[in-house]
Amino acid sequence: AIAAALLCAVGQRRRTCRYRDERRRCGCLEFIVSRRRGTGRLLVSRARRFLRGCRVARLYSGADLSRPLALKAHASWGFRAIDTARWAQAGLNLYGTGDVCYMALDV
């Protein structure tokens with residue numbers, strides 16, 4: 001039930017935006033936090049499947065660097081660091097506060 005609710009949130013966060021006359025679509029996960037080991041991997045796996053079904057090629061997430069394991073977790077899920085220009089090109093707003101590593105995952 002939790003995974004279904006989170007996937008619903010992913011679907012709502014999927015964006016279509018215009019950049020240089022091209023339509024760009026992406027998914028963006030926010031606040032992946034769990035005390036249960038493996039929950040984040042399961043969420044990312046299901047989000048990838050959902051987005052593939054919608055023909056969305058990329059999933060974005062900002063790793064909160066104030067959390068000691070956030071960057072390691074994102075890397076283990078297959079995310080790679082990207083610059084702020086690429087994040088903005090996807091139509092996503094930059095975080096106004098905090099230390100964030102912007103990341104992307106090809107689905």
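In this predicted model, ring pairs tie Tyr-60, Trp-87, Tyr-95 and Tyr-102 together into a cluster. A search through the whole structure turns up four aromatic pairs. Take Tyr-60 and Trp-87: their ring centres sit 5.8 Å apart and their planes meet at 85°, so this pair is edge-to-face. The pair also links distant parts of the chain, since Tyr-60 belongs to strand S3 and Trp-87 to helix H4, with their positions 27 residues apart in the sequence. Both partners are tucked away from the surface: Tyr-60 is buried at 4% relative accessibility, and Trp-87 is buried at 1%. Trp-87 pairs with Tyr-95 as well, and here the centres are 6.1 Å apart with the planes at 45°, so the pair counts as tilted rather than edge-to-face. Tyr-95 itself is partly exposed, with a relative accessibility of 31%.

Stepping back to the fold, the protein chain has four helices and five strands. Followed along the sequence, they come in the order α-β-β-α-β-α-β-α-β. The chain runs to 107 residues, and 32% of them count as buried. What share of the contacts between residues at least 6 apart in sequence joins residues at least 24 apart? The figure is 65%. As for the outside, the chain exposes about 7,200 Å², and carbon and sulfur atoms supply 50% of that area.

Now for the inside. The largest nonpolar core holds 14 residues, and Val-44, Leu-59 and Phe-79 are the ones that touch the most other members. Helix H2 (39-53), strand S3 (58-64) and strand S5 (100-106) are the elements that each give two or more residues to this core. Phe-79 gives a good idea of how these pieces meet. Leaving aside residues up to four places away in sequence, Phe-79 touches Val-44, Leu-59, Tyr-60, Ser-61, His-74, Met-103, Ala-104 and Leu-105. Tyr-60, seen above in a ring pair with Trp-87, thus turns up again among the contacts of Phe-79. There is also a second, separate core, made of nine residues, and Cys-26, Trp-87, Ala-90 and Leu-92 are among them.

A few places on the outside are worth a look too. Arg-49 lies in helix H2, the helix that also contributes to the largest core, yet Arg-49 is exposed, because its relative accessibility of 53% is over the 50% cut-off. Which residue lies 58 residues from Arg-49 in sequence but 7.7 Å away in space, C-alpha to C-alpha? That residue is Val-107.

Gly-98 sits in the loop between helix H4 (84-89) and S5. Gly-98 is exposed, with a relative accessible area of 70%. Its C-alpha atom is separated by 7.4 Å from that of Asp-64, although the two residues are 34 apart along the chain.

The last stop is Arg-55, in the loop between H2 and S3. Arg-55 counts as exposed, at 75% relative accessibility. Its backbone is the point of interest here. Most residues other than glycine have a negative phi. Phi of Arg-55, however, is near 55°, a positive value in a residue that is not glycine.

Notes:
Residues numbered from 1 in each chain as written. Predicted model: local features only at pLDDT ≥ 70, side-chain atom pairs only at ≥ 80, totals over all residues. Heavy atoms only, no water. Buried < 20%, exposed > 50% of the residue type's maximum accessible area, 1.4 Å probe, protein only. Contact = heavy atoms within 4.5 Å. Areas by Shrake-Rupley, 256 points an atom, 1.4 Å probe, with all protein chains shown as cover. Core = buried A, V, L, I, M, F, W, Y, C linked by side-chain atoms within 4.5 Å. Phe/Tyr/Trp six-rings, centres within 6.5 Å; stacked < 30°, edge-to-face > 60°.
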